[in-house]
Amino acid sequence: MKTKLRLDQVAKSYGSVRALRPTTLDVPEGEFLTLLGPSGSGKSTLLQILAGLTACDHGDVWIDGRLSTDTPPHDRGIGLIFQNYALFPHLTVAQNIAFPLEMRRLPRAEIDRRVARMLEVVQLPHVGDRLPRELSGGQQQRVAFARCSVYEPSIILMDEPLGALDKRLRDDMQTEIRRLHKELGATILYVTHDQEEAMAMSDRICLMNDGGIAQLGTPSEIYFRPRSVFAAEFVGHANFIAPTPASATSKCMVRPENIRLLREGEKADTVVDAILEDTIMLGAFSRHVARLITGERLVAVNWSDEKGAPHHPGETVRLGWDACNTVHLAAEVGR
Ligand SMILES: Nc1ncnc2c1ncn2[C@@H]1O[C@H](COP(=O)(O)OP(=O)(O)OP(=O)(O)O)[C@@H](O)[C@H]1O
């Protein structure tokens, strides 16, 4: 697969603040890559360097196989969408979308054709004559996407584009952005600090911490095979368990759905006794919280069982998990 974007040992500091440690990252053409991480982990800095809006102190940026470290933003062929995607309030939706094409002095007929097509793509064919304030937040977001995509950038950078929207609208827009990604075939770099959003949307997730890449992998790899305590805790719930004497790692982890509340006589590679503190029935799943003699709490999420004996807080239960579901963690990966 052709590499679309490459960061080679790119680093950035603001005075004494190290916003980005020397970072190397390859993004293949057509990939949807999400930068996920806590506030201040360097996500926006990385995106801004790619966009050319911030200069890096060290390293190089390659776009489409061309050295682009010093290329000005408007010559990078990159579309940008940020959280405060300001549409021009005094221009109609169609005029907003046409704007980048007018800047590029395309013929009028070509502009009209592309604007009409983009309005179809974002499924807003009838709002071209409206002003932005006559649209809902989600519709405005789609217009912003149309304005950014209309000149067909092959790379689109999005920094928390759904941050300002409510949950329902976010869900709809996530689906919409995925659909547009497929339709346009663009390479998308997407910044969020919302792990569920990252899981739902990405081909790969670049998990960032403390100005560096903590882990790079598919959503499934990051969830099931986190390499560090940070990665295990940042994505999903992590049950930390004592490492076996033979293992060289400092900590081990099991996901809640891999810990079973064992029935009478049921076996598992590791079995521990615990006091059940709480059971919450969530529909298809039930979530159990149990305390070990050592005081640690484990969370188990199992299929709900209508016919099984009901569980009560305070009762002693047996929890079990299998060796293949035990993940060995290195504490300091990515630091
Ligand atoms: N212009 C600036 N001047 C000084 N420090 C900055 C500047 N921009 C970013 N920083 C610092 O660099 C670090 C990384 O910031 P960055 O915005 O890249 O993080 P982020 O992961 O995008 O965070 P958030 O999710 O809060 O947007 C932070 O410590 C931040 O305070």
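Here is a walk through the chain, from its overall layout to its strands, helices, ligand shell and one buried alanine.

Keep in mind that this is a predicted model. The chain has 335 residues, and 34% of them are buried. Its secondary structure comes to 8 helices and 18 strands, and the C-alpha trace spans about 75 × 45 × 35 Å along its principal axes. If you look at contacts between residues at least 6 apart in sequence, 65% of them join residues at least 24 apart.

Let's start with strand 7, residues 155–159. Every position here is covered: 5 of the 5 residues are buried, so the strand is largely enclosed by the rest of the structure. The side chains split two ways, with Ile155, Leu157 and Asp159 pointing one way and Ile156 and Met158 the other, and all are buried. Where do the partners of strand 7 come from? One is strand 6 (residues 78–82), which runs parallel to strand 7 and is joined to it by 5 bridges. In that pairing, Leu80 has Leu157 of strand 7 as its bridge partner. Another is strand 8 (residues 187–192), also paired with strand 7 in the parallel sense over 5 bridges. There, Asp159 stands opposite Val191 of strand 8.

A similar picture turns up at strand 9, residues 204–209. With 5 of its 6 residues buried, strand 9 is largely enclosed by the rest of the structure, too. It pairs with strand 3 (residues 32–36) in the parallel sense, over 4 bridges, and you can use Leu35 and its bridge partner Cys206 in strand 9 to find the register. Strand 10 (residues 212–217) is another story, because 5 bridges join it to strand 9 and the two run antiparallel. Here Met208 has Ile213 in strand 10 as its bridge partner. Strands 9 and 10 form a hairpin with 2 residues between them, and Asp210 in the turn takes a positive phi of about 55°.

Now for the helices. Helix 4 (137–149) packs its buried residues against strand 6, strand 7, helix 2, helix 3 and helix 5 (167–184), which ties it back to the strands above. It is mostly covered, with 10 of its 13 residues buried. Among those buried residues are Gln140, Gln141, Arg142 and Arg147, alongside Val143, Phe145 and Cys148. The helix reaches 18 Å from its first C-alpha to its last, close to the 18 Å expected at 1.5 Å a residue.

Helix 3, residues 108–121, is a nice contrast in how its faces are used. Its buried residues are Ile111, Arg114, Val115, Met118 and Leu119. They cover an arc of only 140° around the axis, which puts them on the same side of helix 3. That set packs against helix 2 (93–103) and helix 4 (137–149), while Ala109, Glu110 and Glu120 are exposed on the other side. The length checks out as well: 14 residues at 1.5 Å each should span 20 Å, and the end C-alpha atoms are 20 Å apart, which agrees. After the helix comes Gln123, whose phi is positive, near 60°.

Next, the ligand. The residues around it are Tyr14, Val17, Ala19, Gly37, Ser39, Gly40, Ser41, Gly42, Lys43, Ser44, Thr45 and His193. Two or more of these come from each of strand 2 (17–28) and helix 1 (43–51), with helix 1 giving the largest share, 3 residues. What is the shell like by class? It has 3 nonpolar, 8 polar and 1 charged residues.

Last stop: Ala290, which is found in strand 15 (residues 285–291). With 26 C-beta neighbours inside 10 Å, Ala290 counts as buried, since the cut-off is 20 or more. Leaving aside neighbours within four places in sequence, Ala290 is in contact with Ala274, Ile275, Leu276, Glu277, Arg297, Leu298, Ala300, Val317 and Leu319. One of these, Val317, is 27 residues away along the chain, yet its C-alpha atom is separated from that of Ala290 by 8.1 Å.

Definitions and conventions: Residues numbered from 1 in each chain as written. Predicted model: local features only at pLDDT ≥ 70, side-chain atom pairs only at ≥ 80, totals over all residues. Expected span 1.5 Å × (residues − 1). Buried ≥ 20, exposed ≤ 12 C-beta atoms within 10 Å, placed from the backbone. Arc of directions from axis to C-beta. Contact = placed C-beta atoms within 7 Å. Near = placed C-beta within 6 Å. Nonpolar A, V, L, I, M, F, W, Y, C, P; charged D, E, K, R; others polar. Pairing = 2+ DSSP bridges.
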